[in-house]
Amino acid sequence: MLLLNPGPVTLTDRVRRSLLQPDLCHRESEFFDLQDEARSRLLGTYGLSDKQWTSVLLTASGTAAVESMLAALVPANGRLLIIENGVYGERMAQICAQYGISHERLIGEWMLAPDWTAVAARMDAAKATRPYTHVAIVHHETTTGRLNDLAALCALCRSRGIGVLADCVSSFGAEAIDFSDPALHAVAATANKCLHGVPGAAFVITRRAALESATARTFYLDLTRLARLQDQRNTPFTPSVQAYYALVEALREYEEQGGRAVRYAHYAALAEQARAGLARLGMAAVLPPKESSVVLRAYHLPKGVAYPALHDSLKADGFVIYAGQGGLSTSLFRISTMGAMGASDIERLLTCFERFLR
Ligand SMILES: Cc1ncc(COP(=O)(O)O)c(C=O)c1O
């Protein structure tokens, strides 16, 4: 079965085999070597120095990494503006509401890019009363496949002294992220999307300086304690050793294949192949390529076709595609090109689509 859903991804044999390595006690040096390698390779994906940045591992899914980041890095007296244009932006607001983090939402149309003029106006209007200390955004809003312009947001925040916290769960490892921008304080991500690991390991990459004003709103997900103990070759709780095995193997493979630029180019080629093929069959992409990620694209369901019938037919052919979320479930479907797949897989997928539509 080939997974075309946005994670977990189809594994390479090498990563799958890595799950069968020896059992490890998480209080022994072998585990801390594994943890150290995962942390340093994660920084290496974007060439980050461990003097300025730290990568903090969590045994959890991507949402927990986002939650850990927000719960720690918006200080007790901080104020957050959340830019929303999809399900995952909404989720950040739910997390902040749950923790009682002082926040406001700038809710945009799900099919549109954020209105940067409105974002700037909102930040400036808040200056007179209670300025925002941080802004949160979803880099790749997986709801629609839109790549939100993180660089544009950082540019607005840089001149205003506002820190950016980004959900990069479905972009980290493939899309460009400019970590040199001082406005970017932290990103949250996961092992089982663009990095091709297995579910169960997630991480936050944060500036060390941002941790200095962090607060502890949560026990298990406390980013500051996790960072401190991991720096000391320690861990507060029992980690998913096997998920870390797979993450490290996936990161070794990633680097040997050429790193982010190569992964980006690979995804871009597959995404374009799928887009062009589906367009030929009468299924238009929801967003133009220049507004989309290379990781996942959303497509209009053909007239008269119900998603479950399309899904079940493709599943019988060996492909798992993904429905639209929430109100979009009856109007679109999504195809992700993450994981172990190549051009011949997309070719076969298109043949199966064609047969279904006949
Ligand atoms: C942008 C984004 N954020 C957060 C998540 C949540 O990740 P998880 O399901 O691993 O908790 C996802 C999952 O697809 C995502 O795409």
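A polar contact here is a pair of N or O atoms within 3.5 Å. This is a predicted model, where local features need pLDDT of at least 70, side-chain atom pairs count only at pLDDT 80 or more, and totals for chains, interfaces and linings use all residues. Residues are numbered from 1 along each chain as its sequence is written, and side-chain values use heavy atoms, leaving out hydrogens and water.

**Exercise 1. Work out which residues surround the ligand and which classes they fall into.**

Step 1: grab the residues with a heavy atom within 4 Å of the ligand. You get S61, G62, T63, Y88, R91, V138, H140, T142, D167, V169, S170 and K193.

Step 2: sort them by class, with Ala, Val, Leu, Ile, Met, Phe, Trp, Tyr, Cys and Pro as nonpolar, Asp, Glu, Lys and Arg as charged, and the others, Gly among them, as polar. That gives 3 nonpolar, 6 polar and 3 charged residues.

Step 3: look at the helices (DSSP runs of H or I, at least four residues). Both α3 (62-73) and α4 (87-99) supply at least two residues of this shell.

**Exercise 2. Find polar contacts of the ligand with G62, Y88 and K193, then its buried share.**

Step 1: start with the backbone. A polar backbone atom of G62 sits 2.8 Å from a ligand oxygen.

Step 2: move on to side chains. An N or O atom of the Y88 side chain is 3.3 Å from an oxygen of the ligand, and for K193 the corresponding distance is 2.8 Å.

Step 3: get the area (Shrake-Rupley, 1.4 Å probe). The ligand alone exposes 390 Å², and the protein buries 86% of that.

**Exercise 3. Count the salt bridges and locate the partners R14 and E249.**

Step 1: apply the rule, a side-chain nitrogen of Lys or Arg within 4 Å of a carboxyl oxygen of Asp or Glu. The count is 20.

Step 2: check R14 and E249. Their closest N and O atoms are 2.8 Å apart. R14 belongs to helix α1 (residues 13-18) and E249 to helix α9 (residues 241-257), so this pair links distant parts of the chain, 235 residues apart.

Note on methods:
Polar contact = N/O pair within 3.5 Å; in protein donor to acceptor, adjacent residues only side chain to side chain.
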